[in-house]
Amino acid sequence: MRNAFLTLFLATILLAQGQPRQAPPPDDPVLFRYFFEAQSDPGKVQASANASINAKESPKLAVILQSVAKDLRTLDQQRQAYLDIMLKRQQRPNPATLQAFESRKYLLSAGGTNQIRRGVSHQGWQELRAHVNGPFRAALVSR
């Protein structure tokens with residue numbers, strides 16, 4: 001019975017991960033989290049985010065984006081390691097622990113957004129914000 005529950009639980013998680021994302025509202029921290037996650041490939045940073053901001057500020061922006069994306073990847077790896085341990089032990093993951101991972105993602109994203117606001121000019125922030133709320137958000141809906 002326990003194995004059946006774990007199998008169903010993990011299947012539900014995998015199915016949910018394969019579902020298309022609903023685009024969060026403009027300026028929502030979750031939208032910026034998706035944006036940071038999309039920046040995990042340095043080539044994508046140049047192709048998407050930096051295309052919407054002036055060349056002078058692109059290097060600063062790239063450093064912040066890559067740093068936050070790396071932190072989010074590390075957190076995802078920690079979450080996956082926790083799930084793997086629970087599966088190996090044939091135990092249910094603790095909902096509070098899973099929520100703590102989600103809360104940390106939220107905080108990383110909000111912190112990264114604030115770093116960008118402080119690290120680039122007002123105009124640079126407005127350009128990036130327009131990109132995230134516009135073309136990037138629209139691409140989430142079309143996935």
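Let's start with one residue: Val-120 has a relative accessibility of 8%, so this valine counts as buried. Keep in mind that the model is predicted. From Val-120 we can move on to helix H6, then to the way some helices pack, and finally to a tyrosine in helix H4.

**Val-120 and its surroundings**
- Val-120 sits in a loop, with helix H5 (95-119) on one side and helix H6 (122-142) on the other.
- Leaving aside residues up to four places away in sequence, Val-120 touches Ile-53, Glu-57 and Trp-125.
- One of these partners, Trp-125, is itself among the buried residues of H6.
- Val-120 and Ser-58 are 62 residues apart in sequence, yet their C-alpha atoms are 8.9 Å apart in space.

**Helix H6**
- H6 has 21 residues, and at 1.5 Å a residue it should span 30 Å; the C-alpha atoms at its ends are 30 Å apart, so the expectation and the model agree.
- H6 also has a kink of about 30°, and the kink is centred on Phe-136.
- Phe-136 is one of the buried residues of H6, a list that also holds Gly-124, Trp-125, Leu-128, His-131, Val-132, Asn-133 and Leu-140.

**How the helices pack**
- Two packed helices are described by the angle between their axes and by the distance between those axes.
- Helix H4 (residues 58-88) packs with H5 at an angle of about 175°, and their axes are 10 Å apart.
- Angles over 145 degrees count as roughly antiparallel, and H4 and H5 are therefore roughly antiparallel to each other.
- The contact of H4 with H5 is made up of 12 nonpolar, five polar and seven charged residues.
- Helix H2 (residues 29-38) meets H4 in another way: their axes cross at roughly 95° and come within 8 Å.
- That angle makes H2 roughly perpendicular to H4.
- On the H2 side, this contact is made by Arg-33, Phe-35, Phe-36 and Glu-37, while H4 brings Leu-65, Val-68, Ala-69, Leu-72 and Asp-76.
- Sorted by class, the contact of H2 with H4 has six nonpolar and three charged residues, with no polar ones.

**Tyr-82 in helix H4**
- Is Tyr-82, found in helix H4, buried or exposed? Its relative accessible area is 16%, and buried means under 20%, so Tyr-82 is buried.
- Not counting residues up to four places away in sequence, Tyr-82 touches Pro-93, Asn-94, Thr-97, Leu-98 and Phe-101.
- Among these, Asn-94 lies 12 residues from Tyr-82 along the chain, and the two C-alpha atoms are separated by 9.8 Å.

Definitions and conventions. Residues are numbered from 1 along each chain as its sequence is written. This is a predicted model: local features need pLDDT of at least 70, side-chain atom pairs count only at pLDDT 80 or more; totals for chains, interfaces and linings use all residues. Side-chain values use heavy atoms; hydrogens and water are left out. Helices (H or I, at least four residues) and strands (E, at least two) are DSSP runs, numbered from the N terminus. Buried means under 20% relative accessible area, exposed over 50%, partly exposed in between (1.4 Å probe, protein chains only). Contact means heavy atoms within 4.5 Å. The expected span of a helix is 1.5 Å times one less than its number of residues. The bend at a residue is the angle between axes fitted to the seven residues ending there and the seven starting there. Axes are lines fitted to C-alpha atoms, for helices over the stretch in contact, and angles run from 0 to 180 degrees between N-to-C directions. Angles under 35 degrees count as roughly parallel, over 145 as roughly antiparallel, 65 to 115 as roughly perpendicular and the rest as oblique. Ala, Val, Leu, Ile, Met, Phe, Trp, Tyr, Cys and Pro count as nonpolar, Asp, Glu, Lys and Arg as charged, and the others, Gly among them, as polar.
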